[in-house]
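Me: Please take a close look at a single part of this model, one helix together with its surroundings, and describe how its residues are placed.

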Amino acid sequence: MENITLSINGRNITCPPGTTILEAAEQHGIQIPKLCYHPDLKPFGACRLCLVEDEKAGRIMASCVTPVAQDMSILTESPRVNKHRRNIVRLMIAEHPESCIFCSKGNRCQLRQIAAKLGIGETNLYPMPNYKPLEQANPFIIRDLSKCILCGKCIRADHELVVVGAIDYNQRGFKSRPVALHDLGLEHSDCTFCGTCVSMCPTGALSPNNTRYVGTPQRESRSICGFCGVGCSLSMGVVDEQVIEVNPSHISDTVNGATLCVRGHFAHDFLNASERLRSPLIRKDGELVSASWGETLEVVARRLLEIKRENGPQNVAFLGSSKCTNEENYLFQKIARVVLETNNVDNGGYVSGQSLLNLIDEKTDGGYRIQPLARLEKEDAIFVLGADPNHSVPVVSYYLKRAAKKGIPLIVADPRRTELVDFSSIWLRVFPGSDLELINALAMLLYQKKAYASDFIIQFTEGFDLYRRGISSLDIDRISRVTSIDVGTIEEAAELLHGKKVAFVVGHGILQQRYGRECLEAIINLSLMTGSLGTEGAGLYILARENNQLGAQDMGAVPYGLPGGQSLSDDLTRKQWERVWQAKISPDQGLNMVRMIEEAEKGNLKALYIMGENPLRSLPQPERVRSALEKLDFVVVQDILANETAEIADVVLPGAAFCEKGGSFTNMEGRIQTFTPVVVPPGDAKPDWEILALLAEKMGYSKHYSSLERVREEIIGSVPMYADPGGHGYTPWIRETSEKARFRPDGKGDLIPFSPVVSTEDEVPDDVYPLTAILGSYRYHLGSGTRTSRSKRIQEFDLKGEIEISPKDGTKLNLHDGDAVRVISRYGAVERGIRLRDGLIAGLIFVPVAFNDNDSRNLINLAQLSRHDSLGWKTCRVKFEVTIQAQRDKGT
Ligand code: SF4
Ligand code: SF4
Ligand code: SF4
Ligand code: FES
């Protein structure tokens, strides 16, 4: 269709048909007042402030809902338009209460801004405030609906962007307001407290619930969320060097657009917690006491070098952080490898099964790391496995729900009825740990129907013959029994995948399970078989739990590789790094996080330097971890918060949180996002990169990192994935550097091998521990909850993390909502209240992690992930201790 030409305020403008007058005007720098319009929401036409006049037709119309037409002559500020606009604003203000003066929206209130622009002071109308009771029962959102102008943005944001549907209009006319079901408080609704509606609200009708009145922030600066691997772009409001408010940054091309989740929006108040570390501490006479930076770093340098000299480099280990920046992890592993000469370096991403992702890099030579989440809304089909993104990575769930609403088939494999199931085409209620069998069965059915991408397989893969023999020999009835899914449902799912390029969305429910590695191999096999890997808009989306899980790995904070995913065992690569670092690098793979603990237990490790991780709270069997750490001669903890591990350290170094320093994070899509400090660190705390640079100097390392730029330059110059071809700053996305150039259109790339088909061992009934516990997250906490449990708002919400059990088990065990149980595994126990929950089959229970100092870790065995004898960290066998019924029966 031909472009349309019109005039706006006398300027000739050309734009495609379908463009609204408002969009056409804004694209050409002409601003029109608006209150109910937002570019990410469907136009609504409620506020009528965007009125414009077509002087040819003599018509006045709302520009946000009216498409351009050929030869229109639009005036945005004609006397008629301005008169109408002024009247609308006067009526809105007349309906407003007098509390504007202490409204925390302050001068950011768009109604006030527009009124000021139109020169409206006194309305000269009889005030008719529409008083509504203030709602502030929850610690996140205050609703003062007296200030609501019925723009509908909150409702549309809730329905269209985050797809929750917690609020809608109630009543009509003057009484109409956006409310939750039955007009109850948000805390009694499906609201996830993502706060998206709060950021959208143009007035003070919705505002964040701050613990004290702080008014308008003195300044707002951009940053990146420090919680999960989505890497949302934030705008942080600051008063007196404290972050008091967080909103989406509302800049273009961010992963989150106008949305956030409850953690990003409201849990950053942990930054102001009293537990923040403010000065270096050294243990003297058994007590941690304040000391100067000089003295503390002197002790750290001396002790680490002594231990290396006396016991050998293998006795020193470094645990880096999936939360610290790329630059910090790069320096951290460099100090380990170059100064202490050890490959004993890992990062906290191990807990989420991050190390398994090495498998994908091995198979694809580091290719296919770039997976923009925005593509999820353009897929043929989506298959979610081992993930509950509504809780773990909420912004990903918004993408998935929006995709499902558009009609894209969504298959969810999960033992629990997660919130995503309500949006799915098929729910595969897979028995915990049997995902591998399910994936193989789907491959078998697709193969039987000849529904595989044969051209793709021939051109780009190898080993299909062996693979198809493996899947052909599978027994669907056994798989149905093992997975607890009837054959018909598996067939239905296979039918949905038939002929489609599939986006496989994989969570740590897969990576943390006993057969995590084999399961990931099976998923890659299925993605090859369907021709999905390497196809734009399909392939593998691996959900990252922590904000810089990917970056820590890319920077070489892993025991098996060098920065940029390069091989430690490859002599040529290692020699290149030796030239860059001017140092000898050991070819021996180092200790991973669990092996560090195991070796400490055996007395084979003497010193551990921990940056930004809290293994005493995040690893299984915390008491075992404690006694292992207590055996060490020297423990350094560098962190932002006093925590369980810091309590037993010999030296504690106070670091700066992400918004108190500069750096970059790599999100789960492969975006490298740089940021600068928003506020200064508390007390004497310093950015981690600066602490590491000072320490390296103290240890006699000759290279001096005087600024963050120096570290960045070294990364850019030596890690091709992070190199910026322009030579200034960072590229926004990693560069895929696969030299093998797989899936080249000319078909000359190397071939990706299918992995052999393997099966799980049959589950043996366990009479002592008859139940299976699934450990999983709630959206209010991230990981082990070290930071989120320090958020005042999260504390005040007072969630108890009740254990969920099926109604059938509830009846069998005479348990009711509110009872408390002791759940016991072979390794430990937790005590919690219980909640009966539909959507769980009998014999399964769900234990939310991060509550009660993350006591759920007591239940599982501290053994390396992906070793079959470890049984994984996602599920475990448990029993209930039956003291609770007695308590209830006694009425206690
Ligand atoms: S609460 Fe705010 S966003 Fe919602 S309709 Fe009212 S003014 Fe608009
Ligand atoms: S906070 Fe989020 S979930 Fe709750 S009503 Fe607002 S948009 Fe909906
Ligand atoms: S926790 Fe994750 S999803 Fe939530 S705002 Fe932060 S980055 Fe976004
Ligand atoms: S912005 Fe157009 S009607 Fe509100």
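What follows concerns helix 14 and, after that, a sheet on which one of its covering elements packs.

Reply: The model is predicted, and the description below should be read accordingly. Helix 14 spans residues 464-472, and its buried residues are F464, Y467, G470 and I471. Around the helix axis these residues cover an arc of only 120°, so they lie on the same side of helix 14. The face turned away from that buried side carries L466 and R469, both of which are exposed. A residue counts as buried under 20% relative accessible area and as exposed over 50%.

The cover over the buried residues of helix 14 includes helix 12 (435-448), helix 13 (454-460), strand 20 (461-462) and helix 18 (516-529).

Of these, helix 18 leads on to the sheet. There, 5 strands form an open sheet with parallel pairing, in the order 19-18-17-21-22. Strand 19 (426-428) and strand 22 (539-542) stand at the edges; each has a single partner strand, so one side of each is left without a neighbour in the sheet. From one strand to the next, the twist averages 20°. Helix 18 packs on this sheet and touches strand 17 (381-385), strand 21 (502-506) and strand 22. The direction of helix 18 makes about 170° with that of strand 21.

At the edge formed by strand 19, the pairing with strand 18 (residues 410-413) is parallel and runs over 3 bridges. Within this pair, A413 stands opposite L428 of strand 19.

In summary, helix 18 is among the elements that cover the buried residues of helix 14, and helix 18 also packs on the sheet.

Key: Residues numbered from 1 in each chain as written. Chains lettered and ligands numbered in written order. Predicted model: local features only at pLDDT ≥ 70, side-chain atom pairs only at ≥ 80, totals over all residues. Heavy atoms only, no water. Buried < 20%, exposed > 50% of the residue type's maximum accessible area, 1.4 Å probe, protein only. Helix = DSSP H or I, 4+ residues; strand = E, 2+ residues; numbered from the N terminus. Arc of directions from axis to C-beta. Contact = heavy atoms within 4.5 Å. Pairing = 2+ DSSP bridges. Axes fitted to C-alpha atoms, helices over the stretch in contact; angles between N-to-C directions.
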